[in-house]
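Visitor: Could you take me on a close look at a single part of this molecule? I am a first-year student, so please explain the terms as you go.

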Amino acid sequence: MSKITGAQIRAARALLRWTAEDLAESASVGLSTVRRAEAEDGPPSITAANSKLIRMTLENAGIQFITRNGGGVGVRFKDPNV
């Protein structure tokens, strides 16, 4: 599992139309943890455990994280047919 970035967390939350509070509650992490994670464009300065909780919560909500490729990292909705 590759690391996600703060920019990806912000983008995923926007796709879902979730507030930072929604993500914090759904992931069972503090609001300050979500805000700290999103404050950086690169890898967030939060614990690996909290990063995993956030990632799993967003993936369970239908987000797919795109690893670095020709266009860079990103997010999109998972294809429901896969």
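Guide: Happily! Let us start from one residue: Ala24 touches Val29, Gly30, Leu31 and Val34, where residues up to four places away in sequence are not counted and contact means heavy atoms within 4.5 Å. Before we go on, a word on the source: this is a predicted model, in which local features need pLDDT of at least 70 and side-chain atom pairs count only at pLDDT 80 or more, while totals for chains, interfaces and linings use all residues. Residues are numbered from 1 along each chain as its sequence is written, and side-chain values use heavy atoms, with hydrogens and water left out.

Ala24 sits in helix H2; helices (H or I, at least four residues) and strands (E, at least two) are DSSP runs, numbered from the N terminus. Ala24 counts as buried because its relative accessibility is 6%; buried means under 20% relative accessible area, exposed over 50%, and partly exposed in between, with a 1.4 Å probe and protein chains only. From Ala24 to Gly74 it is 50 residues in sequence and 21 Å in space, C-alpha to C-alpha.

Now for the helix partner. Two packed helices are described by the angle between their axes and the distance between the axes. Here, helix H2 (residues 20-27) and helix H3 (residues 31-38) have axes that come within 8 Å and cross at roughly 115 degrees. Such axes are lines fitted to C-alpha atoms, for helices over the stretch in contact, and angles run from 0 to 180 degrees between N-to-C directions. On the H2 side, Ala20, Glu21, Leu23 and Ala24 take part, meeting Leu31, Val34, Arg35 and Glu38 of H3. By class, the residues of this contact are 5 nonpolar, no polar and 3 charged. In this scheme Ala, Val, Leu, Ile, Met, Phe, Trp, Tyr, Cys and Pro count as nonpolar, Asp, Glu, Lys and Arg as charged, and the others, Gly among them, as polar.

Finally, look at the loops on either side of H2. Most residues other than glycine have a negative phi. Ser28, in the loop between H2 and H3, has a positive phi near 60 degrees, and Ser28 is exposed because its relative accessible area is 63%. Arg17 lies in the loop between helix H1 (6-16) and H2. Though not a glycine, Arg17 has a positive phi of about 60 degrees, and Arg17 counts as exposed because its relative accessibility is 77%.
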